[in-house]
Amino acid sequence: MTQQPSAASLSETELERYARHIVLPEIGGAGQQKLKRARVLVIGAGGLGAPVLSYLAGAGIGTLGVIDDDTVSLSNLQRQVIHDTGNVGMEKVESAKASIARINPHVSVETHVKRLDADNAAGIISAYDIVVDGSDNFATRYLLADTCEAVKRPLVTAAVGRFDGSLTVLTPFERDGDGNPLPGYRDLFPEPPPAGLVPSCAEAGIVGALTGVMGTLEAMEVIKLITGAGEPLTGRLLLYDALAARFETVKYRRRAG
């Protein structure tokens, strides 16, 4: 009786496609199979979500979920590089799905044409292994962080300003080597800022390449989490100043009480 290949086995075509991963000792064939088995949810198919989706598709993530309720507009194209001019007016999740199919036909895409809210967040997030935050508003960011903590899903989260960005990895349901609970999003930012205090991208502007830098860093953290390569940004906040071309890392801990 012929043995059927497992769901994570790699075809000859995939072995060639991912050859540059497979020769890395930190990833190898076993790591590539982990990437193929993984289910990753990306919140938002915009400035951050575009590079995240592109690079995770290229990396061979088996299933990518995309949630967004918006359509592609011309002003998006300066930074949301997963979309193109011909897709203006199309739902962003469908535009992203078509681009991912061109990048890597081995990747399955699950689309969610909706906004994440308190009623659907837990159900959607629970169906995935890792979540990536590409949202552009504080309400979604806090809901996402709280829900990921409640359902025990790692969250890779980034934010961008005009010329600066930040990035961290959240697993507050886990403990460090000394048995201490790892920090969550509210240990960094206890409460959202008052409405109107932080201007939107439309109001303040943003350099398109900045979202590419931060989104690509998010994708790298996802790959590290899945394969076990390196040290994720858990308990560390990476800060990027694009104008000064400077990175800094700040450690943070669980708040007392």
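**Entry 1: helix α4**

How many of the eleven residues of α4 are buried? I began there. Nine of them are, so α4 is largely enclosed by the rest of the structure. By buried I mean under 20% relative accessible area; exposed is over 50%, and partly exposed lies in between (1.4 Å probe, protein chains only). Helices (H or I, at least four residues) and strands (E, at least two) are DSSP runs, numbered from the N terminus.

Before going on, I noted the ground rules. This is a predicted model, where local features need pLDDT of at least 70 and side-chain atom pairs count only at pLDDT 80 or more, while totals for chains, interfaces and linings use all residues. Residues are numbered from 1 along each chain as its sequence is written, and side-chain values use heavy atoms, with hydrogens and water left out.

I listed the buried residues of α4: Gly-49, Ala-50, Pro-51, Val-52, Leu-53, Ser-54, Leu-56, Ala-57 and Ala-59. After the helix comes Gly-60, with a positive phi near 95°.

**Entry 2: Val-52**

I picked one residue of α4 (residues 49-59), Val-52. Val-52 counts as buried because its relative accessibility is 0%. I looked up its contacts, meaning heavy atoms within 4.5 Å. Leaving out residues up to four places away in sequence, Val-52 touches Val-42, Val-132, Gly-215, Glu-218 and Ala-219. I also checked Thr-111, 59 residues further along the chain from Val-52 or back from it: the two C-alpha atoms are separated by 15 Å.

**Entry 3: α4 against α5**

Where do the axes of α4 and α5 come within 9 Å, and at what angle do they cross? They cross at roughly 35°. Axes are lines fitted to C-alpha atoms, for helices over the stretch in contact, and angles run from 0 to 180 degrees between N-to-C directions. The crossing is right-handed. That word applies if the near helix is turned clockwise from the far one by less than a right angle, and left-handed if anticlockwise.

From α4, the contact uses Leu-53, Ser-54, Ala-57 and Gly-58; from α5, it uses Ala-96, Ile-100 and Ile-103. I sorted these by class and found five nonpolar, two polar and no charged residues. Ala, Val, Leu, Ile, Met, Phe, Trp, Tyr, Cys and Pro count as nonpolar, Asp, Glu, Lys and Arg as charged, and the others, Gly among them, as polar.

**Entry 4: the cores**

Next I looked for nonpolar cores. Such a core is a set of buried Ala, Val, Leu, Ile, Met, Phe, Trp, Tyr and Cys residues joined through side-chain atoms within 4.5 Å. The largest has 38 residues, and Val-40, Leu-53, Leu-56 and Leu-64 touch the most other members. A second, separate core has 20 residues, including Ile-125, Cys-148, Leu-170 and Tyr-185.

I followed Leu-56. Beyond four places in sequence, Leu-56 touches Val-40, Ile-61, Leu-64, Ala-219, Val-222 and Ile-223.

**Entry 5: the sheet**

In what order do the eight strands of the open sheet stand? I read β3-β2-β1-β4-β5-β6-β7-β8, with mixed pairing. Two strands pair if DSSP finds at least two bridges between them. At the edges are β3 (108-112) and β8 (246-251); each has a single partner strand, so one side of each is left without a neighbour in the sheet. The twist averages 15° from one strand to the next.

I checked the edge at β3. Strand β2 (residues 63-67) runs parallel to β3, joined by five bridges. Val-66 has Thr-111 of β3 as its bridge partner. Helix α5 (residues 92-103) lies across β2 and β3, at about 175° to β3.

Then I turned to β4. β1 and β4 pair in the parallel sense over four bridges, and β4 and β5 do so over three. Val-131 stands opposite Leu-41 and has Leu-155 as its bridge partner in β5. Both faces of β4 are covered: Ile-130 and Val-132 are buried on one side, Val-131 and Asp-133 on the other.

**Entry 6: Arg-141 and two loops**

Is Arg-141 of helix α7 buried or exposed? Arg-141 is buried, with a relative accessible area of 9%. Among the residues that Arg-141 touches are Asp-133, Thr-157 and Tyr-185.

Last, I looked at phi angles. Lys-152, in the loop between α7 and β5, has a positive phi of about 60° although it is not a glycine. Lys-152 is exposed, at 55% relative accessible area. Ala-245, in the loop between β7 (236-241) and β8, is not a glycine either, and its phi is positive at about 55°. Ala-245 is exposed too, at 62%.
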